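This report describes the fold of a single model, beginning with its nonpolar core and proceeding to its sheet. The sequence and the coordinates are displayed below.

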Amino acid sequence: MAEREPRQRAAEQATVSTHHADGSATVLRDDGVLVDVPADAVAAGGWRVLRPGQRVTVERAPGGAVTAVRRPV
C-alpha cells in the first residue's frame, strides 16, 4: 500500500491587523476571524515588517498551526 502524503490546508487570505514589536502579528482572515501569527511564520514568508492593512496569504500545517505568511495570491 502506498504511503499518503499529509494533506495540506488551503491557503487563507487575510489582512494584517497589527505587527508586534517581537516580530509576531495579528491578521484578520476574510471570514472575519482574528489569527495570531508567530514571529517565525512571519519570517518564513520573507517579511521583516508587516503593515496594518497589508494583504497576505496565511499558510497552515495539517494540525492548524500557522507556518508562513506570504504575499497574496
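## Nonpolar core

In this predicted model, the largest nonpolar core comprises 14 residues, among which Val27, Val37, Leu50 and Val56 touch the most other members. Two or more residues each are supplied to this core by strand 1 (12-19), strand 2 (25-29), strand 3 (34-37), helix 1 (39-44), strand 4 (55-60) and strand 5 (66-70). In soluble globular proteins, nonpolar side chains tend to be buried together.

The surroundings of valine 27 may be listed in full. Leaving aside residues up to four places away in sequence, valine 27 touches Ala14, Thr15, Val16, Ser17, Val33, Leu34, Val35, Val37, Val56 and Val58. Two of the residues with the most core neighbours, Val37 and Val56, are thus also among the contacts of valine 27.

## Chain architecture

The chain contains 1 helix and 5 strands. Read from the N terminus, these elements follow the order β-β-β-α-β-β.

## Sheet topology

The 5 strands form an open sheet in the order 3-2-1-4-5, and their pairing is antiparallel. Strand 3 and strand 5 lie at the edges, each pairing on one side only. From one strand to the next, the twist averages 40 degrees. Strands of a sheet pair through backbone hydrogen bonds, either parallel or antiparallel.

## Strand pairings

Strand 1 and strand 2 run antiparallel and are joined by 5 bridges; within this pair, valine 16 is opposite valine 27 of strand 2. The two strands form a hairpin with 5 residues between them, and glycine 23 in the turn adopts a positive phi of about 95 degrees.

Strand 1 is also joined to strand 4, in antiparallel fashion, by 4 bridges. Here alanine 14 has valine 56 of strand 4 as its bridge partner. Both alanine 14 and valine 56 appear among the contacts of valine 27. Between strand 2 and strand 3, which are likewise antiparallel, there are 4 bridges, and leucine 28 has leucine 34 of strand 3 as its bridge partner.

## Burial, contacts and surface

Of the 73 residues in the chain, 33% count as buried. The chain exposes about 5100 Å², of which carbon and sulfur atoms supply 50%. Among contacts with a separation of 6 or more, 45% involve residues 24 or more positions apart.

Methods:
Residues are numbered from 1 along each chain as its sequence is written. This is a predicted model: local features need pLDDT of at least 70, side-chain atom pairs count only at pLDDT 80 or more; totals for chains, interfaces and linings use all residues. Side-chain values use heavy atoms; hydrogens and water are left out. A nonpolar core is a set of buried Ala, Val, Leu, Ile, Met, Phe, Trp, Tyr and Cys residues joined through side-chain atoms within 4.5 Å. Buried means under 20% relative accessible area, exposed over 50%, partly exposed in between (1.4 Å probe, protein chains only). Contact means heavy atoms within 4.5 Å. Accessible areas come from the Shrake-Rupley method with a 1.4 Å probe; for residues, only the protein chains shown count as cover. Two strands pair if DSSP finds at least two bridges between them. Axes are lines fitted to C-alpha atoms, for helices over the stretch in contact, and angles run from 0 to 180 degrees between N-to-C directions.
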